[in-house]
Amino acid sequence: MTGPLRIGVVGAGNISGEYLRTLSRLPNVRPVQVATRRAEHAEAAAARFPGVRAVSLPELYASDEVDLVLGLTTPEAHLEVSHAAIGAGKHLYGEKPLAMTTGEARSVLDAASAAGVRVGCAPDTVLGTGIQTARVCVERGEIGTPVAATAFMTTPGHELWHPDPEFYYRPGGGPLLDMGPYYLTALVLMLGPVRRVTGLSAAPRRTRTIGGGPRAGTEFPVEVATHVTGVLEHHGGALTTLMMSFDVWDSTLPRIEVYGTDGTLSVPDPNSFTGDVRVRRAGASAWQQVPVLGGYTGGARGIGVADMAHAIASGTPHRAGAELAYHVLDVMEALLAAAETGDSRRVDSGFPLPYPVPAGTRPEDLPAG
């Protein structure tokens with residue numbers, strides 16, 4: 001590959017603008033096309049970014065101008081987009097989750113392997129300074145041996161702000177599959193893969209009502225669990241208590257905390273690229289803020305694509321990798337299955353631990369080609 005990696009974007013929903021803003025300013029990637037089933041949405045997205053053309057889906061997949069397909073559709077379309085991109089010989093980077101099920105996800109990874117193309121997957125928030133600094137703290141032994149962790153994501157529901165929230169409440173959605181990838185990816189990068197899970201779930205409200213926008217007042221059904229809680233056993237022995245909920249109006253719970261034999265680590269919101277990391281060591285009288293120890297500086301949605309482009313050019317592994325995303329999906333699928341049966345479930349997948357992002361790395365400095 002010489003020059004910037006050329007990106008074709010499939011999907012023009014809320015998140016596409018964030019990706020296009022990031023990718024348009026970085027030297028080693030260049031968005032060139034955008035396509036979606038509703039042509040007017042693709043045209044509106046393309047109009048905001050010079051050099052980006054609105055095309056049809058078949059045109060984008062077949063285009064010699066596109067090296068990588070960036071899939072930003074809702075989850076039920078991830079499988080179709082993935083196979084279309086891979087079948088056309090394109091690299092693929094997609095929004096989370098990797099697929100609706102591990103079976104679908106494995107078919108994508110097998111197809112990519114046979115085609116000789118790469119697959120990457122969100123979240124890339126874990127490549128920012130917050131989670132990367134927390135990872136370095138754990139690996140350096142700043143809190144001793146990790147014993148346990150907690151992770152809480154609580155909100156009253158996305159229908160209060162999203163104009164078309166139904167997909168969050170259909171299969172492939174719910175708080176675990178929607179927000180869980182941010183938390184679980186951060187947790188497994190710090191504590192290692194998960195080998196066993198147990199949990200419970202509930203759906204207290206069978207309908208939801210859109211709170212704003214042109215469809216305000218529209219009622220729609222809830223088809224998935226909206227409150228999921230569980231315990232994850234990591235290979236290293238640490239136990240994580242997890243709660244993901246669309247049923248909590250407010251709370252003072254931490255986002256993520258890691259508890260070790262020699263102290264406690266406070267980890268910032270994994271849905272953000274930054275945030276303060278704090279540590280309270282055994283015997284210390286107060287919390288201390290940790291200086292930035294790793295991560296892309298000035299990260300935003302899309303740095304995972306830029307990291308992948310650099311890895312393709314240099315022949316090295318990319319960090320937001322498919323096997324990591326597969327493991328996170330495997331954990332979520334096992335947790336939902338355990339919640340249905342009331343027992344524990346094994347998780348047999350794993351992933352190669354990606355290299356940390358060195359402190360001070362700027363995505364703007366990644367060379368093109």
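**Exercise 1. The nonpolar core**

Of the 108 residues in the largest nonpolar core of this predicted model, find which two touch the most other members, and then find which helix gives the most to this core.

*Solution.* Begin with the core itself: among its 108 residues, Leu70 and Leu265 touch the most other members. Next, turn to the helices, where α7, covering residues 174-191, gives the most to this core, with 12 residues. Finally, look at the surroundings of Leu70, which, leaving aside residues up to four places away in sequence, touches Ile7, Gly8, Val9, Val10, Tyr19, Leu23, Tyr93 and Val305. As general background, nonpolar side chains in soluble globular proteins tend to be buried together.

**Exercise 2. Two packed helices**

Decide whether helices α4 and α5 are roughly parallel or roughly antiparallel, and describe by class the residues that form their contact.

*Solution.* Two packed helices are described by the angle between their axes and the distance between the axes. Helix α4 spans residues 78-87 and helix α5 spans residues 102-115; they pack at an angle of about 5°, with axes 10 Å apart. Angles under 35 degrees count as roughly parallel, and therefore α4 is roughly parallel to α5. On the α4 side, the residues in the contact are Leu79, Ser82, His83 and Ile86, and these meet Glu104, Ser107, Val108, Ala111, Ala112 and Ala115 of α5. Sorted by class, the contact has six nonpolar, three polar and one charged residues.

**Exercise 3. Asn28 and Pro4**

Determine whether Asn28 is buried or exposed, and identify the residue whose backbone oxygen lies 2.9 Å from a polar atom of its side chain.

*Solution.* First locate Asn28, which lies in the loop between α1 (16-25) and β2 (29-35). Its relative accessible area is 1%, and because buried means under 20%, Asn28 is buried. The backbone oxygen lying 2.9 Å from a polar atom of the Asn28 side chain belongs to Ala306. Beyond residues up to four places away in sequence, Asn28 touches Pro4, Leu5, Ala306, Ala309, His310, Leu366, Pro367 and Ala368.

One of these contacts, Pro4, is placed in the segment before β1 (5-10), and at 23% relative accessibility Pro4 counts as partly exposed. Asn28 and Ala368 are both among the residues that Pro4 touches. The C-alpha atoms of Pro4 and Ala313 are separated by 9.3 Å, although these residues are 309 residues apart along the chain.

**Exercise 4. Cis peptide bonds and a neighbouring loop residue**

Establish where the cis bonds from Lys96 to Pro97 and from Ala122 to Pro123 fall, and then ask whether Thr125 is buried or exposed.

*Solution.* Keep in mind that most peptide bonds are trans. The bond from Lys96 to Pro97 is cis, with omega near -10°, and Pro97 lies in the loop between β5 (91-94) and α5. The bond joining Ala122 and Pro123 is also cis, with omega about 10°, and Pro123 is found in the loop between β6 (119-121) and α6 (129-139). Thr125 has its place in the loop between β6 and α6 as well, and with a relative accessible area of 1% it is buried. The residues touched by Thr125 include Tyr182, Pro270, Asn271 and Arg301. Its C-alpha atom is separated by 9.6 Å from that of Gly295, a residue 170 places away along the chain.

Technical notes
Residues are numbered from 1 along each chain as its sequence is written. This is a predicted model: local features need pLDDT of at least 70, side-chain atom pairs count only at pLDDT 80 or more; totals for chains, interfaces and linings use all residues. Side-chain values use heavy atoms; hydrogens and water are left out. Helices (H or I, at least four residues) and strands (E, at least two) are DSSP runs, numbered from the N terminus. Buried means under 20% relative accessible area, exposed over 50%, partly exposed in between (1.4 Å probe, protein chains only). A polar contact is a pair of N or O atoms within 3.5 Å; within protein, one must be able to donate a hydrogen and the other to accept it, and residues adjacent in sequence count only if both atoms are side-chain atoms. Contact means heavy atoms within 4.5 Å. Axes are lines fitted to C-alpha atoms, for helices over the stretch in contact, and angles run from 0 to 180 degrees between N-to-C directions. Angles under 35 degrees count as roughly parallel, over 145 as roughly antiparallel, 65 to 115 as roughly perpendicular and the rest as oblique. Ala, Val, Leu, Ile, Met, Phe, Trp, Tyr, Cys and Pro count as nonpolar, Asp, Glu, Lys and Arg as charged, and the others, Gly among them, as polar. A nonpolar core is a set of buried Ala, Val, Leu, Ile, Met, Phe, Trp, Tyr and Cys residues joined through side-chain atoms within 4.5 Å.
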